[in-house]
Amino acid sequence: MGTVIEFQMEDTTGKGKGKGKGKGKGRKPAPSAAAGSAMLLLAGVVFVGWLVVWAVFPTRTYSSTWAPKLATLTGFGKQAIRMLLFVFPVVFVYVVACVYLHLQKDGDHDTRSRTRWVFRTRMAAWRRPVLVRGPLGIVTPMELAFLLMLLVLLVWFYCAYVTTEFAKIRIKLPGEKLWQARLEKAARRLGTAGSLCVAFLFLPVARGSALLPLVGLTSEASVKYHVWLGNLAMVIFTAHGLCYISFWASTDQIDQMLKWARTRMANVAGELTLLCGLAMWATALPRVRRRMFELFYYAHHLYIAFILFCALHVGVTVFCFVLPGVFVFAVDRGLRFLQSRARVRLVSARLLPSQAVELNFAKSPCLGYNPTSTLFVNVPSVSRLQWHPFTVTSSSSLEPDTLSVVVTSRGAWTRKLYETVSSLPPSGGHLGVSVEGPYCAAAASTRFLGYDSLVMVSGGSGITPFISVIRELVHQSGAAETVQAPRLLLVCVFKTSAELDMLDLLVPVSGGLSAISRLDLRIEAFVTREGEPSAARKQAGREVWFKPWPSEAPVAPVLGSSGWLCLGAVVASSFAVFLVLVAALQRFYIYPVDGDTNHVYPWAARTMLNLLFLGASVAGVTGAAFLWNKRGSNDEEMKVKSVDGPTPGMSPVALLHWAGGVERELESLPAQPLLQATNVHFGHRPDLKRMLLGIEGENVGVMASGPQGMLEDVSTICSSGPASNLHFQSISFTW
């Protein structure tokens with residue numbers, strides 16, 4: 001039996017039972033809500049139409065009926081038709097998503113919350129885990145349904161193409177056999193089928209994309225879809241390459257592997273594409289990625305060569321299949337690059353005895369983010385090239401001028417960061433930092449209030465997402481008397497008692513010592529590698545403060561306070577510029593030489609010009625939008641930089657610093673109220689099944705963050721028959 005230290009807290013808030021009623025019940029939906037619903041419907045119709053185009057494209061209906069009519073409408077040949085059918089719909093949906101998210105941001109919060117909660121309740125069965133332990137990870141019925149639909153579309157796309165090709169097959173080479181001709185056709189259409197996977201491949205990893213929050217996804221949760229698509233694409237492309245090698249070997253054409261055709265598919269470029277893909281695929285295997293993360297990280301930058309050689313291999317007309325994802329990713333990557341070039345102001349760092357460090361950045365008040373948001377951090381003095389994601393632990397509602405992340409020492413980079421910060425003097429030091437983000441889902445901040453109870457299960461550093469959740473609930477419970485926060489249970493598992501100091505971060509000192517009392521909170525902490533409390537005195541943490549440099553700025557939205565609307569304008573404008581440049585190239589440079597045959601002008605030169613125009617349009621428009629926003633935010637940045645002493649808006653921690661209290665036992669300030677709500681267990685792990693199934697209430701949210709094994713255990717419990725009231729959500733860190 002393990003040792004248990006128990007602290008009891010009486011429910012003095014009156015929030016232990018029942019659910020409060022929000023304001024505005026029975027009101028008619030706001031105009032923005034109606035407009036948002038219309039936009040969602042429009043985006044859904046266009047997306048389904050885009051999928052229908054993929055399904056019809058390999059059939060005779062398209063080649064004999066659609067293609068001739070579309071050619072007369074566009075007047076710019078096959079490339080224009082492909083741009084119209086495969087690129088424009090995705091760009092259109094993206095722009096609609098940006099406008100929708102902008103309206104949602106400025107619309108009726110109560111109406112949105114009720115609509116989302118009704119939708120989530122109706123879709124609860126589709127969100128319960130159905131597959132837990134397997135190569136796909138934790139999968140819900142909705143995810144499985146979409147995966148099966150993608151596979152059906154992929155099989156149909158390939159089979160329809162092969163059937164059409166086999167019906168009109170002709171023997172081209174002397175002595176060539178029918179099976180060899182069919183093998184060549186099958187190999188070619190494997191490559192075309194792989195392009196369907198690549199069309200989706202880059203969409204989940206565009207971190208700031210409007211498409212992810214439109215469907216309720218976070219950037220970190222969507223990484224697994226990128227993994228699925230990448231594995232599927234590489235299986236198909238590998239089969240494509242092996243089939244062609246077999247065909248060339250069987251027909252004595254093995255020298256074709258070294259050919260770079262002038263106006264046909266370039267074989268050498270295709271082989272280089274496959275080699276780049278295989279390198280990324282091999283280093284992305286789970287075992288390799290966990291043991292040699294830096295190898296995986298640097299090898300994945302081969303995606304640039306992969307895109308380049310893929311375009312050179314298939315030509316610009318076929319490349320239009322995958323251009324939508326590449327274009328969306330290019331815009332996102334351009335904005336991330338511009339944001340990452342700036343140095344942000346690091347206000348302070350809190351060093352914890354558990355070898356964890358909390359970094360506190362100055363933040364623009366117009367930057368809003370939601371709980372469980374992710375911030376990418378780069379510290380050049382530790383590593384110039386490495387970027388690492390961390391969950392934001394602060395609340396933009398509760399702490400409008402500060403953004404915080406917690407970094408635990410788990411690897412070489414994090415250990416070196418802790419050593420670097422701990423070697424700095426308590427005051428007057430400096431540490432250069434760049435960031436990307438924060439990235440989050442649009443609906444993340446409102447999902448917690450819809451539950452009767454909310455259970456948060458964490459392992460080790462997995463507690464960090466729940467710090468932001470609890471801080472946000474502290475703000476929401478104090479913002480309005482009618483807001484009823486759910487009953488909270490935090491189950492956190494640590495290896496040693498030194499890690500218990502992570503609980504000190506749950507209560508923000510800026511919210512006051514009594515802020516936590518507004519919540520019905522119970523904490524069950526488990527220390528697994530110690531059988532009893534340590535007799536040694538708990539070490540005190542230390543705080544390090546930094547002096548600002550003139551070149552540093554607060555963390556701010558990359559495109560200003562109207563970021564979604566501006567992002568939509570950037571995507572639409574850059575695509576329009578790209579179309580104008582390509583149309584001019586086609587009409588005044590290529591068409592006089594080639595006509596519309598695609599057999600005269602070199603494919604490589606035409607492809608490189610198109611890629612150059614794509615890069616120039618994205619870089620030009622994103623750069624102009626970034627500089628325009630930067631001009632408007634200069635005044636605000638100067639206000640933050642000019643802070644050279646205590647100000648009325650400073651938190652109690654900052655005021656104590658200016659009073660001379662730089663080194664002190666940090667946990668003595670915010671953590672004392674937590675003692676009344678905390679039970680600490682030593683020497684054993686939690687009985688999660690008993691704890692979760694014992695939670696009363698019709699709607700119980702269960703969030704889990706930590707090692708994969710813990711996520712699978714919690715998911716298994718929530719998907720069991722007796723747990724019909726449990727709604728599971730995992731927070732995964734599989735970057």
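**Arginine 207 lies over the face of phenylalanine 376.** The distance from the arginine to the ring centre is 3.7 Å. A charge sits over a ring if NZ of Lys or CZ of Arg is within 6 Å of the ring centre and within 35 degrees of the ring normal. Arginine 289 also lies over a ring face, that of phenylalanine 296. Here the distance to the ring centre is 6.0 Å. The model is predicted: local features need pLDDT of at least 70, side-chain atom pairs count only at pLDDT 80 or more, and totals for chains, interfaces and linings use all residues. Residues are numbered from 1 along each chain as its sequence is written, and side-chain values use heavy atoms, with hydrogens and water left out.

**The whole structure holds 25 aromatic pairs.** Phenylalanine 57 and tyrosine 62 form a tilted pair, 4.5 Å centre to centre with 45° between the planes. Rings of Phe, Tyr and Trp (its six-membered ring) pair if their centres lie within 6.5 Å; planes under 30 degrees apart count as stacked, over 60 as edge-to-face and the rest as tilted. Phenylalanine 57 is buried, at 5% relative accessible area. Tyrosine 62 is buried as well, at 8%. Buried means under 20% relative accessible area, exposed over 50%, and partly exposed in between (1.4 Å probe, protein chains only). Tyrosine 297 and tyrosine 298 make an edge-to-face pair. Their ring centres are 5.3 Å apart, and the planes meet at 75°. Tyrosine 298 is partly exposed, with 34% relative accessibility.

**Phe57 and Tyr62 belong to one aromatic cluster.** The cluster also takes in Phe47, Trp50, Trp54, Trp66 and Phe86. Further along the chain, Phe157, Tyr161, Phe200 and Phe321 join in.

**Helices α6 and α9 pack together.** Helix α6 spans residues 141-167, and helix α9 spans residues 223-250. The packing angle is about 25°, and the axes are 13 Å apart. That angle makes α6 roughly parallel to α9. Axes are lines fitted to C-alpha atoms, for helices over the stretch in contact, and angles run from 0 to 180 degrees between N-to-C directions. Angles under 35 degrees count as roughly parallel, over 145 as roughly antiparallel, 65 to 115 as roughly perpendicular and the rest as oblique. The crossing of α6 past α9 is right-handed (the near helix is turned clockwise from the far one by less than a right angle; anticlockwise would be left-handed). From α6, Glu143, Leu147, Leu150, Leu151 and Leu154 face the partner helix in contact. On α9, they meet Lys224, Tyr225, Trp228, Leu229, Leu232 and Ile236. Contact means heavy atoms within 4.5 Å.

**Leucine 688 is a buried residue of helix α21.** This helix covers residues 688-693. The relative accessible area of leucine 688 is 12%. Leucine 688 touches Val457, Val491, Val714 and Ile717, not counting residues up to four places away in sequence. Aspartate 713 is 25 residues away in sequence from leucine 688. In space, the two are 8.2 Å apart, C-alpha to C-alpha.

**A cis peptide bond joins glycine 437 and proline 438.** Omega is about 5°. Proline 438 is in strand β7, residues 434-439.

**Proline 380 is in the loop between β4 and β5.** Strand β4 covers 374-378, and β5 covers 388-391. Proline 380 is buried, at 18% relative accessibility. Arg343 and Gly432 touch proline 380, leaving out residues up to four places away in sequence. Proline 380 and glycine 432 are 52 residues apart in sequence. Their C-alpha atoms are 6.8 Å apart.

**Aspartate 252 has a positive phi, near 55°.** This residue is in the loop between α9 and α10 (267-283). Aspartate 252 is exposed, with a relative accessible area of 71%. Glutamine 355 also has a positive phi, near 65°. Glutamine 355 is found in the loop between β2 (346-351) and β3 (356-362). It counts as partly exposed, at 39% relative accessibility.

**The chain as a whole has 22 helices and 14 strands.** Helices (H or I, at least four residues) and strands (E, at least two) are DSSP runs, numbered from the N terminus. Of the 735 residues in the chain, 53% are buried. Among contacts between residues at least 6 apart in sequence, 80% join residues at least 24 apart.
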